[in-house]
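Could you walk me through this model in the viewer, stop by stop? I'd like to know what to select next and what is there.

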Amino acid sequence: MTRGDPLDGQVLVLAAAKASVPAERLPELVDQVQADLGPRLETYRRTYEAVAESPERWVFLVPLDHWDTVGERLGLTARECEAVRRAHEEQLRRVGTETGRREEFESALDIRSAAVVGVE
């Protein structure tokens with residue numbers, strides 16, 4: 001996959017502006033996370049609510065502590081973990097805007113987080 005997949009480039013730019021990691025680091029982190037999550041797609045499909053799917057990616061609502069778990073597994077710092085979480089949540093918002101479900105997804109983010117898993 002290319003840098004930043006499965007997230008859109010504009011999402012990465014927006015998330016990088018809000019993140020507490022260098023902008024050039026965020027695509028690397030997203031790629032690292034995708035390498036971990038990609039092989040787990042079937043597990044995610046069985047475990048979490050899928051709110052959007054396309055040939056390129058699936059978008060899931062996950063528990064709030066999801067990114068802490070992923071960060072620990074990958075050895076990410078708290079800031080790196082937060083940056084990745086923000087990027088995935090921004091992608092959910094973008095999908096919500098494109099599908100007319102933005103308000104629904106914003107409400108969901110009050111109690112859950114988002115995980116975007118690319119399809120290889």
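Start with the contacts: among those in the protein between residues at least 6 apart in sequence, 72% join residues at least 24 apart, where contact means heavy atoms within 4.5 Å. Before you click on, note that this is a predicted model, in which local features need pLDDT of at least 70 and side-chain atom pairs count only at pLDDT 80 or more, while totals for chains, interfaces and linings use all residues. Residues are numbered from 1 along each chain as its sequence is written, and side-chain values use heavy atoms, with hydrogens and water left out.

**Whole chain.** Switch to cartoon and you get six helices and three strands; these are DSSP runs (helices H or I, at least four residues; strands E, at least two), numbered from the N terminus. Read from the N terminus, the order is α-α-α-β-β-α-α-α-β. Show just the C-alpha atoms, and they fill a box of roughly 30 × 30 × 25 Å along the principal axes. The radius of gyration is 13 Å, which agrees with the value near 14 Å for a compact globule of 120 residues; it is taken over C-alpha atoms, and the globule rule is 2.2 Å times the number of residues to the power 0.38. Colour by burial next: buried residues make up 48% of the 120. Buried means under 20% relative accessible area, exposed over 50%, and partly exposed in between, with a 1.4 Å probe and protein chains only.

**The sheet.** Select the three strands. They make an open sheet in the order β1-β2-β3, with antiparallel pairing. β1 and β3 are the edge strands, each pairing on one side only. From one strand to the next, the twist averages 25°. Now add α5 to the selection: this helix packs on the sheet, touching β1, β2 and β3, and its direction makes about 85° with that of β3. Axes here are lines fitted to C-alpha atoms, for helices over the stretch in contact, and angles run from 0 to 180 degrees between N-to-C directions.

Zoom in on the pairings, where two strands count as paired if DSSP finds at least two bridges between them. Residues 49-53 are β1, which pairs with β2 over four antiparallel bridges. The two form a hairpin with three residues between them, and A50 has F60 of β2 as its bridge partner. On the other side, β2 and β3 are joined by six antiparallel bridges. Click F60 again and you'll find A115 of β3 opposite; V59, in turn, stands opposite V116 of β3.

How many of the six residues of β3 are buried? Six of the six, so the strand is largely enclosed by the rest of the structure. Flip the view to check both faces: S113, A115 and V117 cover one side, with A114, V116 and G118 on the other, and all of them are buried.

**Helix α4.** Select residues 66-74. H66, W67, V70 and G71 are buried in this helix. Look down the axis of α4: the buried residues fall within an arc of 125°, so they line one face of the helix. That arc is taken from the directions from the helix axis to the C-beta atoms. An α-helix has 3.6 residues a turn, so residues three or four places apart point the same way. What do the buried residues of α4 pack against? Their partners are α2 (25-37), α3 (41-47), β2 (57-62), α5 (78-99) and β3 (113-118). Step on to G75, which follows α4 and has a positive phi, near 75°.

**Aromatics.** Show Y44, Y48, W58 and F60 as sticks: they form one aromatic cluster. Rings of Phe, Tyr and Trp (its six-membered ring) pair if their centres lie within 6.5 Å; planes under 30 degrees apart count as stacked, over 60 as edge-to-face and the rest as tilted. The count by this rule comes to three aromatic pairs. One to inspect is Y44 and Y48, which is tilted, at 5.0 Å centre to centre with 55° between the planes. Y44 is buried, at 5% relative accessible area, whereas Y48 is partly exposed, at 24%.

**Last stop, the surface.** Pick R79 in α5; this residue is exposed, with a relative accessible area of 55%. S20 is 59 residues from R79 in sequence, yet their C-alpha atoms are 6.0 Å apart. Leaving aside neighbours within four places in sequence, R79 is in contact with S20 and V21.
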